Every structure is written in C-alpha cells, then in structure tokens.
Amino acid sequence: MNIALGTIPFGTAVGTRETFALLDRFAEAGGTMLDTANNYPFWVEGRSGDESELAIGAWLAARGNRDEVFISTKAGARPTVPGDTTLDSAEGLSAAVVARAAEGSLRRLGTDYLDVYWSHIEDRAVPLEETLGAFDELARAGKVRAVGASNLPAWRLERARNVSAARGWMPYTYLQLRHTYLRPRPDTRPAESGHRLVTDDHLDYLAAEPDVTLWAYNTLMYGAYTRTDRPIPEIYDHPGTERRLALLHEVADELGATPNQVVLAWLMSGGIVPIVGVTRMEQLDEAIGAADLKLDTELRARLDAAR
C-alpha cells in the first residue's frame, strides 16, 4: 500500500487503545509506512512533542514487528523553549542537534535504526554541509537508512543533493511537502508556519530525478473535501477550484468512490506517497479503500486538465 499513515494525534488526542487499533488495522491491510516527528504535537498545551514517537514505540514493542514497519521521523522543528507553540525557538539543524535529536527519536521509538530521517524545516542559519554531514554520519553508523528533506524549495534540494554528491555522502532521496488535488493561487503560502506547498518547480525536479520520492502531507485538507464544517483554505480561493471540485465529485461518482479516495488515488498514480492522518477507524478504512482505486490514463488526464 503506497500510503503513509500520519501519526500526529497518536498518544494524545487518540488514546493508547485507539492508537493500537488503528495501527493494527493499517498493518493488517498491508500498510507499512508511518510518518512522525520529534515534535508531534508540541503546539498542544501541555504536550512536549515526545508523544507520537512514544505511542509508535509502545506499539512496536507490543507487536514485535519493527522490521515490518517503515519508520519516518524528523528533526529540526522541536521547540527549545518550554511552552513555545511556534517555530520561533525551533532547535534547527546544526550537527549537534541532528545527532542529539536522532538519539532521542531512536530511544522513544525503541529502535536502533530509522528507515528515513528528515530535516523537518529549512534552516539557512546552518550551512548545508554541516547538516548533511551529520546525516551522513548517522547513516555510516547504521542508524539511518535514507534521508529526506521536508519543506525545502526545489533549488535548495538540488543544492543539498549536489553537496552530498560531491562529498560521497548519503543524499536526500525523499522530499516532503504540502500537496493536494486543488491548486493554490500563485505565490501564496499556507497560514501554518513552516509549511511549504508543492510548486511546478518541485514537480519538474521530481520528474527529472526519479530517485527522489515525494511524500505529500495535508492531502485531504483536514476533511475539507467532504465536510461542510471544514472550509476550503483561503489559498485555494479562485475560479479554478470550483471547476476542479466539480470534476473531482464527477469522477468519484463514476467510480463509486469518495472524493477523498479519488484525491489519494490521483496522488498515488503520479508516484506520490500521500500521508493520511486519521483519528477514527472509518477514516482509515476510507484511505485503505483508495489503495485499490485505479485511475486509468483517461481519468488521470481529465483530472489533470481542470484549471
């Protein structure tokens, strides 16, 4: 199943019993990829950012299935000031932070390696050479099997990969950005601090570099495709959105699927790994159903053509 399960609320808004049930169902359906970070959900009052990793670690220990699961976690955006709910005091990506953060994540997850380790945010205060060298040291020590970059512009990703190539270091082969079926207005950014949207430059770069895999987050816009109480974000406020939504619902009706499932299938048909955050079993089952939804060339072309 080419879907990653987002785990931000696990261990907090989603209790231990419900977390285990969701993870069990995901694994039974063939899901393997879990996406977390060393700061989820630090912005919730009373939370440290340890909670999501700890919940996953408890499940892995209880099930004894570490080698059957692909663990993705991140460093760089954990606050250094207790109670800070912004990125103003983010730890950043110095070599010392990357090494220390990795040890913390390994401990909370109860594992001795990470399948992919991400730089969570862009940190231009630290030279790329320092950050990438620290990632490579983790890889050489067997603690990291692949590295990725989250929320980077395309030109910075290219520069980082060139730095690694020139030094024989493990390069970024994963990219994580905010992406969905709707297209934002040009030159807009999400309201959420630190989030970066997929651009045409990113997509062009990915097409030219097949060894880089895109993981997309906020794929279903917090339920806005199907829930009247969740408005479409303002960055998508333009006439093309109405046309794209109309076509999305038309295709969903033709396939006997939900709009959410068509969005996920559209992403997967483009070689993208969608990250899906869930809090209830019915949400997970809907996402699992999208894994079996195939878009033929004609349907894909129709969905792409709407502007």
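**A walk through the barrel and its surroundings**

Let us begin with strand 3, where both faces are covered: Phe 70, Ser 72 and Lys 74 are buried on one side, and Ile 71, Thr 73 and Ala 75 are buried on the other. Please keep in mind that this is a predicted model. Strand 3 spans residues 70–75, and since six of its six residues are buried, it is largely enclosed by the rest of the structure. Its partner is strand 2 (residues 33–35), and the two pair in the parallel sense over three bridges. Within this pairing, Leu 34 stands opposite Ile 71.

Now step back to see where these strands belong. Eight strands form a closed barrel in the order 1-2-3-4-5-6-7-8, with parallel pairing. From one strand to the next, the twist averages 25°. In general, the strands of a sheet pair through backbone hydrogen bonds, and the pairing is either parallel or antiparallel.

Moving along the barrel, we come to strand 4 (residues 116–119) and strand 5 (residues 147–150), which pair in the parallel sense over three bridges. Here Tyr 117 of strand 4 faces a partner in strand 5, for it stands opposite Val 147. Further on, strand 6 (residues 172–178) and strand 7 pair in the parallel sense over five bridges. Tyr 174 stands opposite Thr 213 in strand 7. Strand 7 covers residues 213–217, and because four of these five residues are buried, it is largely enclosed by the rest of the structure.

What fills the interior? The largest nonpolar core has 80 residues, and those with the most contacts inside it are Leu 34, Tyr 117, Tyr 172, Tyr 181 and Tyr 225. Helix 8 (residues 259–269) gives the most to this core, with seven residues. Apart from this core lies another, of 11 residues, among them Phe 70, Trp 118, Ala 146 and Ile 275.

Tyr 172 deserves a closer look. Leaving aside residues up to four places away in sequence, Tyr 172 touches a list of residues that includes Ser 119, Thr 131, Leu 132, Phe 135, Val 147, Leu 152 and Val 212. Tyr 172 also helps to line the largest cavity, together with residues including Leu 93, Ser 119, Glu 122, Asp 123, Thr 131, Leu 152 and Arg 156. About 80 Å³ of space lies in this cavity, and the structure holds two cavities of 30 Å³ or more.

Let us return to helix 8. This helix is mostly covered, with 10 of its 11 residues buried. Among the buried ones are Pro 259, Asn 260, Gln 261, Trp 266 and Met 268. Their cover includes helix 7 (239–255), strand 8 (273–277), helix 9 (281–290) and helix 10 (297–305). Just after helix 8, Gly 271 takes a positive phi of about 80°.

Our last stop is the largest pocket, which holds about 1200 Å³ of space. Of the 45 residues that line this pocket, the closest to its centre are Ile 8, Tyr 217, Asn 218, Tyr 222 and Gly 277. The elements that give two or more residues to the lining are helix 8, strand 8 and helix 9. Helix 9 gives the most, with four residues.

Notes:
Residues numbered from 1 in each chain as written. Predicted model: local features only at pLDDT ≥ 70, side-chain atom pairs only at ≥ 80, totals over all residues. Heavy atoms only, no water. Core = buried A, V, L, I, M, F, W, Y, C linked by side-chain atoms within 4.5 Å. Buried < 20%, exposed > 50% of the residue type's maximum accessible area, 1.4 Å probe, protein only. Contact = heavy atoms within 4.5 Å. Pairing = 2+ DSSP bridges. Axes fitted to C-alpha atoms, helices over the stretch in contact; angles between N-to-C directions. 1 Å grid on protein atoms, 1.4 Å probe; cavity = no way out; pocket = protein on both sides within 12 Å on 5 of 7 lines; lining within 4 Å. Points joined across faces, edges and corners; volume = space filled by probe spheres on them.
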